[in-house]
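Good morning, and thank you for coming. Please look at the sequence and the structure as they appear, and keep both in view while I speak.

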Amino acid sequence: MAATGHKSAALPLALTYAALVVYASLYPFADWRDQGIAPWAFVTAPWPRYWTAFDFGINAAGYVPLGFLAAISVMRHQPEIPVALAVLRATFAAAAVSFLMEMLQTYLPARIPSNVDWALNSAGALGGA
């Protein structure tokens with residue numbers, strides 16, 4: 001079986017950065033509990049009552065490196081696919097990570113899942129990719 005693509009640190013770096021995203025998204029890791037709402041309820045929720053420009057910026061900026069590293073990883077491991085498809089795959093993967101983090105935040109009373117956060121995280125990943 002022939003190896004595809006080129007050697008690259010992009011995949012290990014993307015996975016490491018994704019682990020940092022998980023840590024930042026779920027901190028503090030205390031008081032997990034079912035709050036009686038569906039984990040995906042944030043998708044159709046109204047805009048958060050309180051938000052700041054910092055929240056907007058940090059949510060978008062936090063996923064830029066993940067989008068970048070994921071896109072580079074896809075391009076290095078599958079050099080035959082078009083760049084646009086690599087960008088799409090990287091963005092989808094990062095958006096899926098963000099969706100999962102928002103769903104898990106439903107079980108952490110100290111965290112507030114948000115459709116705006118999910119959208120900004122996905123936009124940041126697209127920008128990075």
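Let me begin with Gly36. This glycine is exposed, because its relative accessibility is 68% and the cut-off for that word is over 50%. I should say at once that the model is a predicted one. Gly36 sits in the loop between α1 and α2. If you compare Gly36 with Arg49, 13 residues apart along the chain, you will find 21 Å between their C-alpha atoms.

Several other residues of this loop deserve attention. Pro28 is also placed between α1 and α2. The peptide bond that joins Tyr27 to Pro28 is cis, with omega at about -5 degrees. Asp31 belongs to the loop between α1 and α2 as well. Its phi is positive, about 65 degrees, although Asp31 is not a glycine. Is Asp31 buried or exposed? Asp31 counts as exposed, because its relative accessibility is 55%.

Trp32, too, is in the loop between α1, residues 10-26, and α2. Its relative accessibility is 40%, so Trp32 is described as partly exposed. Trp32 also helps to form a nonpolar patch on the surface, together with Tyr23, Tyr27 and Phe29. The area of that patch is about 460 Å².

Now consider Phe42, which lies in the loop between α1 and α2. Phe42 counts as buried, because its relative accessibility is 5% and the cut-off is under 20%. Which residues are in contact with Phe42, once its neighbours within four places in sequence are set aside? They are Phe99, Glu102, Met103, Pro113, Ser114, Asn115 and Trp118. Take Ser114 from that list: Phe42 and Ser114 are 72 residues apart in sequence, yet their C-alpha atoms are 5.4 Å apart in space.

Ser114 brings us to the start of α4. There, a side-chain oxygen of Ser114 comes to within 3.0 Å of the backbone nitrogen of Val116. Helix α4 has 14 residues and spans 20 Å from first C-alpha to last, close to the 20 Å expected at 1.5 Å a residue. Its buried residues are Asn115, Val116, Asp117, Leu120, Asn121, Ser122, Gly124, Ala125 and Gly128. These buried residues pack against α2 and α3.

As you look along a helix, please keep one general point in mind. An α-helix has 3.6 residues a turn, so residues three or four places apart point the same way.

Let us examine one residue of α4 in detail, namely Asp117. Asp117 counts as buried, because its relative accessibility is 17%. Beyond its neighbours within four places in sequence, Asp117 is in contact with Asn59, Ser98, Glu102 and Ile112. Glu102 is also among the contacts of Phe42. Asp117 and Phe42 are 75 residues apart in sequence, and their C-alpha atoms are separated by 9.9 Å.

Next comes α3, residues 83-105. Helix α3 has 23 residues, and the distance from its first C-alpha to its last is 33 Å, close to the 33 Å expected at 1.5 Å a residue. Its buried residues include Ala86, Val87, Ala90, Thr91, Ala94 and Ala95. Further along α3, Ser98, Met101, Glu102, Met103 and Gln105 are buried too. What covers the buried residues of α3? The cover includes α1, α2 and α4, the last being residues 115-128.

For α2, I have chosen one residue. Ser73 is found in this helix, which comprises residues 53-77. Ser73 is buried, because its relative accessible area is 6%. Apart from its neighbours within four places in sequence, Ser73 is in contact with Ala10 and Leu11.

Let me close with the protein as a whole. How many helices and how many strands does the protein have? There are 4 helices and 0 strands, and along the sequence the pattern reads α-α-α-α. The C-alpha atoms fill a box of roughly 50 × 25 × 25 Å along the principal axes. Of the 129 residues, 32% are buried. The accessible surface is about 7900 Å², and 71% of that surface belongs to carbon and sulfur atoms. Finally, among contacts between residues at least 6 apart in sequence, 79% join residues at least 24 apart. The pair of Phe42 and Ser114, in contact and 72 residues apart in sequence, is one example you can find for yourselves.

Terms used: Residues numbered from 1 in each chain as written. Predicted model: local features only at pLDDT ≥ 70, side-chain atom pairs only at ≥ 80, totals over all residues. Heavy atoms only, no water. Helix = DSSP H or I, 4+ residues; strand = E, 2+ residues; numbered from the N terminus. Buried < 20%, exposed > 50% of the residue type's maximum accessible area, 1.4 Å probe, protein only. Contact = heavy atoms within 4.5 Å. Patch = residues over 30% accessible without salt bridge, like charges linked within 9 Å, V, L, I, M, F, W, Y side chains within 5 Å. Areas by Shrake-Rupley, 256 points an atom, 1.4 Å probe, with all protein chains shown as cover. Salt bridge = Lys/Arg side-chain N within 4 Å of Asp/Glu carboxyl O. Expected span 1.5 Å × (residues − 1). Polar contact = N/O pair within 3.5 Å; in protein donor to acceptor, adjacent residues only side chain to side chain.
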